[in-house]
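User: Please take a close look at how the aromatic and charged side chains are placed in this model, beginning with one aromatic ring and working outwards from there. I would like a connected account with the cut-offs spelled out.

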Amino acid sequence: MIRQLKQVVRRLRELGMLPSERQAAKAAQRDALERTWHDPDGLYGWFITVQNGPVVNRYMSAAFALFLLSGIETLMIRTQLAVPDNRFVGPSHYNQLFTMHGSIMMFLVTVPLMEGFASFALPVLLGARELPFPRMTAFGFWTFLFGAVLLYSSRLFHQVPEVGWTAYVPLASAEYSPGLGVDFWLLGLSVAEVAALGAGIELIIATLKLRAPGMTLGRMPIYAWSILVTAYAMLFAFTPLLVSTTLLELDRKLGMRFFDPNAGGDPLLWQHLFWIFGHPDVYIQFLPAVGIVSLVVPAFARRPLVGHGLVAAALAATAIISFGLWVHHMFTAGLSVLGMSFFAAASMAIAIPAGIQVLSWIATLWKGRPVFTTSLLFALGFIVTFAVGGVTGVMVAAIPFDWQVHDTHFVVGHFHYVLVGGVIFPIFAGFYYWVPKMVGRLLSERLGKWNFWLMFAGFQLAFFPMHISGLLGMPRRIYTYPAGLGWELPNLISTAGAYTLGIGAALFVWNVAWSIVLGRGARPDDNPWGAGTMDWATSTPPPDEGYRVIPVVSSRYPLWEQARLDAGDPHDPQALRHERIVRGLAESPAGWRAQLVTSVLTAEPQAIVLLSGPSIWPLIAAIVLTLNFVATLFDIYWLLALSVLGTIGATIGWLWPSKQDRERRLVDEGAGDARLHGLPVYTSGTSAPAWWTMAHIILVVAVATACLVMSYYYLQAGATAWPPPGYDVPDFVVPGAASLLLLAGTLAVWWAERRVRRGAQAQLKLGLAVAGAAGAAFLAWLILEMMRSGISASAHAYGSAVMTLLGYQAVLVLAGLLVLGVVLLQALLGYFDARRFLAVQNTAMYYTAVAVNWLVVFGVVYGSPYLSLVF
């Protein structure tokens, strides 16, 4: 009977009525792969998911909700200014409205929305299964959400900040802004800044190391280039912001004197640090926006982008030049005219790379066959609006003209033409372009076109008249104005335009509700726009595993120019190897989340790495981080102590390897060389994404150190004596001797890294233990040095600068000891061997960075005062 059944099954398989054994095995494998990549369902699964799709949906939903809240505040502002002598809101409430509106839009709407788009689009666009650190993606969402809640909770305590989104001192100092309003602003944004820095590092690693085989830098889509450039700009811009907000909070909470001119401080230090962030932040929002436009325009023009290489170079040039523009915002601060002239020239020069991109889009449309969808309309609206903003930008770059219109509504109009027209319009273009792929429903094109024309017309009506009222002398940040100055008509038109813009935004919300929530939108096929890039190569919506068969790329527009995505260029000698690897990955491993890692320049396969699965640690880490800031805000020291301990515990839990990894279950049975499909599973150095992560963490540390050192010397340059009278020149002999401890610890951890490569377990443990002991001894000395130095952090800016530099060094050493302790514990449990030692290598890299950082701090604190005496 059994034999007869087998014969029947065999015959049915021969006839194709049942899948063959190989097909059945593939189906079973496919089910196993899907189970591996699927996060748990239910309430607990909602909290522990790290999957790209649901996390991105939450990220963008929260950011868009904040956009709507900020829009309501905008309408209240415009209602107040619609007519002269209005009493709709009072002066204090008006200050709160424009402070929260600007802060929410600049910090918690546009950048998070762009990060959300990038987190969704990059994996599918690059041919990756997921972003490199899924737990970091989840952590970024939770910290962003908690930071926004912390900032908005200021309303519950009636402590809403009233200092504008720039929080200039001395207005933001404790003397002129008592209470907790500014502290809510500083600490709430600090939580969000941590999320932005984490997102920046992850997006860099994804773009550099997770590209599909064959996707060289020259074949990388312009959108990916825009995200790569933006992410690097975030590291160099958000770090100064984090430093500046920290210094201001130290002034407010601990009485330090960084910004107090009566004690050696300087209010202009805040402006320098803030605008080193602030002006690049405009382009941090703008560059991903133009990346979206550079995807939308070719897709609907039905031809490749004209000048692909020039546009990529223009993106990089824009980001680089943007860091030379910060004094553009300080032309009325009394600086040297000669010095300001260089920044004025840079402000004009940045129009050149922007012009290259505009000409590229126009040429692409001119040579193509445009299909005017809602997405393309928003892209065209962006081009027109940003051109106007660029013209007014060149105007305010002229120093004499800026002197006339600075702090008038002319600047408000220019600013919104650049940021709303230059960022919000591309965001809506991205919504109409990608939402069908994200959720599996098309938005209504009919409603979409109404949405566009209402927003476009409303925007022009709202913000163009502000240029006129500004030229007529209307200052910004005033809550009312008298009649008879010629400001009535421009303000009334602006208010009507703002409400028209609001109706357009409300129509978009209805479009989403009608098409997606109510399910009335049509179901799209996998590539409804006929685009040529790989973000449309997966099924709709993308499955949890992204790509079952990772694509092999041989062109810039694979869906237009390649017959198959699993086969490379037949003229490429590596094509067969690429095909074998991606097809092998489609079948195994199925029991863990495997991601292909490729080289930076040529995208040659280098390794297969484990991506993390569902975890509660991102949520716990975000909670304890937020509690640190909450405890600081309300001076609850017992909660601060508990949250610090919680941070240590969350760090250990986060860094602890998974059970699969600990038990070495990442390789096929019998694969003694720890390789899959000819690629290593355990890797180190530049082929490991985690190595690049540590390198960029060190970069952030270096930027923060540079900001603190710059602050030290900036204050010294304005002082009559440094150190001031009453302060002794610090002795450098004992600190120099103590430096040997940190040097010894660094050498010990590198020695441990070299020994583990040879499988020397005992020497590995010894080296790590010696490094820990030396680091702990140095930290103990450093704390005693700060306590016994006699330098007061609250008496003079010199003491504030010195104690902040030493305290910063202590935090870096403490963080190194924490990581070293986790690595040592893993070593004692036998986790490392001659193949698996990346954590040891990264610890050695960090220890080296801390030692180098100490040499810089030592030179500034202990060396430069002696040089000042000599010279």
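Analyst: A suitable place to begin is F508, which counts as buried because its relative accessibility is 3%; here buried means under 20% relative accessible area, exposed means over 50%, and partly exposed lies in between, with a 1.4 Å probe and protein chains only. The model is a predicted one, in which local features need pLDDT of at least 70 and side-chain atom pairs count only at pLDDT 80 or more, while totals for chains, interfaces and linings use all residues. Residues are numbered from 1 along each chain as its sequence is written, and side-chain values use heavy atoms, with hydrogens and water left out.

The structure holds 73 aromatic pairs. One of them joins F428 and F508 in an edge-to-face arrangement, with 4.9 Å from centre to centre and 80° between the planes. This pair links distant parts of the chain, since F428 belongs to helix α15 (residues 409–439) and F508 to helix α17 (residues 488–517), 80 residues apart. Helices are DSSP runs of H or I with at least four residues, strands are runs of E with at least two, and both are numbered from the N terminus. As for the pairs, rings of Phe, Tyr and Trp (its six-membered ring) are paired if their centres lie within 6.5 Å, and planes under 30 degrees apart count as stacked, over 60 as edge-to-face and the rest as tilted. F428 also counts as buried, because its relative accessibility is 1%.

A further pair is formed by F858 and Y862, which is tilted, at 5.5 Å centre to centre and with 35° between the planes. Because they are four residues apart in helix α27 (residues 838–870), F858 and Y862 are separated by about one helical turn, and both residues are buried. F858 is also a neighbour of S739, which, leaving aside residues within four places in sequence, is in contact with F778, W854 and F858, where contact means heavy atoms within 4.5 Å. S739 itself is found in helix α24 (residues 733–756) and is buried, because its relative accessibility is 14%.

Rings also meet charged groups. The charged end of R58 sits over the ring of W46, 3.9 Å from its centre, and R836 lies over the face of Y682, at 5.0 Å from the ring centre. For this, NZ of Lys or CZ of Arg must be within 6 Å of the ring centre and within 35 degrees of the ring normal.

Charges are paired with each other as well. A salt bridge is a side-chain nitrogen of Lys or Arg within 4 Å of a carboxyl oxygen of Asp or Glu, and by this rule the count comes to 14. Among them, D183 and R252 meet at 3.1 Å, N to O, and this pair links distant parts of the chain, with D183 in helix α7 (residues 181–209) and R252 in helix α8 (residues 222–254), 69 residues apart. D183 counts as buried because its relative accessibility is 3%, and R252 is buried at 12%.

Another salt bridge brings D407 and R477 together at 3.3 Å, N to O. D407 lies in the loop between α14 (399–405) and α15, and R477 in the loop between α16 (445–471) and α17, so the pair ties together parts that are 70 residues apart in sequence. D407 is partly exposed at 34% relative accessibility, and R477 is partly exposed at 36%.

Finally, R548 and E545 meet in a salt bridge of 3.1 Å, N to O, with R548 buried at 18% and E545 buried at 5%. These two residues and E34 are linked in a network of salt bridges.
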